[in-house]
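Okay, thanks for coming, everyone. I'll put the structure up and then walk you through it.

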Amino acid sequence: TIGTTLKPVSAGLKQGQITPTELCQKCLSMIKKTKFLNAYITVTEEEALKQAEESEKRYAKGQPLGDLDGIPVAIKDNFSTSAIETTCGSNMLKGYVPPYNATVVQKLFDQGALLMGKTNLDEFAMGSGSTDGVFGPVKNPWSYSKQYREKRKQKPHGENEDSDWLITGGSSGGSAAAVSAFTCFAALGSDTGGSTRNPAAQCGLVGVKPSYGLVSRHGLIPLVNSMDVPGILTRCVDDAAVVLGVLAGHDPKDSTTIQDPVKPFLLPSLTDVSKLCIGIPKEYLVPELSSEVQSLWTKAADLFESRGAKVIEVSLPHTSYSIVCYHVLCTSEVASNMARFDGLEYGHRCDIDVSTEAMYAATRREGFNDVVRGRILSGNFFLLKENYETYFIKAQKVRRLIANDFVNVFNSGVDVLLTPTTLSEAVPYLEFIKEDNRTRSAQDDIFTQAVNMAGLPAISVPMALSNQGLPIGLQFIGRAFCDQQLLTVAKWFEKQVQFPVIQLQGLMDDCSAIFENEKLASVSLKH
Amino acid sequence: MWARTVRLGLRARLGGCRGFTFKVDPQEAEQAPSVTHASGLAPQGTGQVTAELIEHLERLALVDFGGREAVARLEKAIAFADRLRGVDTDGVEPMESVLEDRCLYLRSDNVTEGNCAEELLQNSHRVVEEYFVAPPGMCYPEWLNKVTRELGN
């Protein structure tokens, strides 16, 4: 038996209880069993096994590269991977094979991680459901969990009665489903407005958005250059810290990465929270917040207070303008970033050859979905000469006010903010699609996107199951470049709440694969 | 202390779950998102989006609207963005980057990589030798047509 988090698995690899190839095979087998989730766009079986072979040689010599050597990982399909198709979930890049690895991808490979595949997403990471990519929507593994099915009085077997499946959240839903369904130990997502934290919360995972400037964006196909960051999805906070430790640091290829030396990410086990000051932003208590999430949020704050932490209400006065500001800045930067897709040097190209403009227009009509095109058009509107001052510059000013709100709060002695991550637990796909993408994004990003505007680090930690048996996560927001402190607090919280492991018995041949707590975590993935 | 304030908020809040999900008639245009406690008005077309503007945007974006739905979507996006007018930004400088207090990194001007023309050309659908092939630019024929039409009126 092997563990489901890095520590036991790493130990197992070092002690020879399991080989990288065996581990790789188990994950590949899991990918096949969970194919219906549609988490992966490309499965890189050959590459993974090759990498596993190399890893095995290193372990045999007693010279593993580090904690990630031989560890299966998955990568969202908006990160460039050399010689491996990278689509961004769009027709525009179907068949596109990058000639280089994104820096974060290279860093994972340099540490010996095994690439299981490229994961599904909303087209060009625009969306909050992972429902709007050309490869179809991603299904939340929790739809098939014993915990959820029992509450709905249905049998926990595979995919019968499948019309009511739940979304993963987005846009990094494929990565979230991949980790949640045990097909890998960690996955990369991206986070521009909450795209890593949102699916993490809905899939019962830890989702980290590092400080802007801490992790290289080189090779991450850009959405909003001033807000994008690579995100990390794992099953526990310690694992996220290991990955962040590998990824963080200055990259000469990304001039927006800071040059400060990066502190190591070993997380202390906090026992005393009495010196901590937790801030609760009052503007985040919105009418749309589900009563269950609200009650868990209250419970979490009470927990900190009962252990001696100082818990105070704080104010982020410009919160209600945050979504609007984000909408203007995001569409504007998107309009600019999507201009590179013209069919000439890479990506889709239409058949029309009459004129350049006609070719560009048809290529882009065929290549982009409605969501992307809508944002490009909106962005171009805001960037028109006559609108630039009123909309774009205005939004940039409001951005400063929003960022200052956070600065003021942290300057007043608050160490970490505690907020919900999402308005509710995961919803059924059929309900989600009743509203359009932009409406949904505006609703679902409400707690997460201000963080991107301020460039702060944030993490979603799963707390408890809802009455329906679905995960609910809470968000911690830290000071800029205090990612280690943030993760330390999150780790303490994780230990207190003991979030249950997902029971996907319908997918395992061995029905006795009941998970206990993380320490004893051993899963039998027998064929 | 804080808990009391939040719990008061709890009691004041109307019952029910996410107040957002309202049934949408598939024939109807999309609803606008409500922002926190702002009354969720469906914005009216302000008449800002003229046929001229549509043509202009399509030309700049090289993306066509493709129909009335997209125009309605833009109108709503504009109405949504108009809420920014409610913020007082007197004396506030625009923020371009959260890292504005730091110096941008510039590396030394030495060639460290490149010479990969062949590799890069492989990703294009239409190349001739070391050239990406583009169709002819618009300019002459369309301009001539436009001018001819205008002179004829």
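So, to start: in what order do the strands of the open sheet in chain A run? Reading across, you get β1-β3-β2-β4-β6-β5-β10-β11-β9-β7-β8, which makes 11 strands with mixed pairing. Keep in mind that this is a predicted model.

Now look at the two ends of that sheet. β1 (40-43) and β8 (310-314) of chain A each have a single partner strand, so one side of each has no neighbour in the sheet. Ignoring direction, neighbouring strands are turned by 30° against each other on average.

Let me zoom in on one pairing. Strand β5 of chain A, residues 206-209, and strand β10 of chain A, residues 458-465, are antiparallel, with 3 bridges between them. If you want a place to find it on the screen, go to Lys209(A), whose bridge partner in β10(A) is Ala458(A).

Back over by β1, there's a helix to notice. That's α3 of chain A, residues 45-60, and it lies across β1 and β3 (114-119) of chain A. Its direction relative to β3(A) is about 160°.

Next, the annotations. UniProt, in an unreviewed entry, has "domain: Amidase" on residues 23-145 and 167-487 of chain A. The 23-145 span is 28% helix and 12% strand, and its end C-alpha atoms are 23 Å apart. For 167-487, it's 42% helix and 15% strand, with the end C-alpha atoms 27 Å apart.

Which residues carry the "active site" feature in UniProt? The unreviewed entry puts it at Lys76(A), Ser171(A) and Ser195(A). They span 120 residues in sequence, yet no two of their C-alpha atoms are more than 11.0 Å apart, so they gather at one spot. From this set, Ser195(A) is part of the lining of the largest cavity. Lys76(A), meanwhile, belongs to our sheet story, as it sits in strand β2 of chain A, residues 72-76.

That brings me to the cavities. Searching the whole structure turns up 9 of them at 30 Å³ or more, and the largest holds about 220 Å³ of space. It is lined by 20 residues, and the closest to its centre are Tyr326(A), Cys330(A), Arg375(A), Ser441(A) and Asp445(A). Two elements of chain A give two or more residues to that lining, α10 (319-337) and α15 (437-444). α10(A) gives the most, with 5 residues. And what's the lining like by class? It has 8 nonpolar, 9 polar and 3 charged residues.

Okay, over to you for questions.

Key
Residues are numbered from 1 along each chain as its sequence is written. Chains are lettered from A and ligands numbered from 1 in the order in which they are written. This is a predicted model: local features need pLDDT of at least 70, side-chain atom pairs count only at pLDDT 80 or more; totals for chains, interfaces and linings use all residues. Side-chain values use heavy atoms; hydrogens and water are left out. On a 1 Å grid over the protein atoms alone, a cavity is a set of points where a 1.4 Å probe fits but cannot get out, and a pocket is an open set with protein on both sides within 12 Å along at least five of seven lines; lining residues have an atom within 4 Å of a point. Grid points are joined across faces, edges and corners, and a volume is the space filled by probe spheres set on the points. Helices (H or I, at least four residues) and strands (E, at least two) are DSSP runs, numbered from the N terminus. Ala, Val, Leu, Ile, Met, Phe, Trp, Tyr, Cys and Pro count as nonpolar, Asp, Glu, Lys and Arg as charged, and the others, Gly among them, as polar. UniProt positions are given in the numbering used here, feature names are shortened, and annotations may be inferred rather than shown by experiment. Two strands pair if DSSP finds at least two bridges between them. Axes are lines fitted to C-alpha atoms, for helices over the stretch in contact, and angles run from 0 to 180 degrees between N-to-C directions. Contact means heavy atoms within 4.5 Å.
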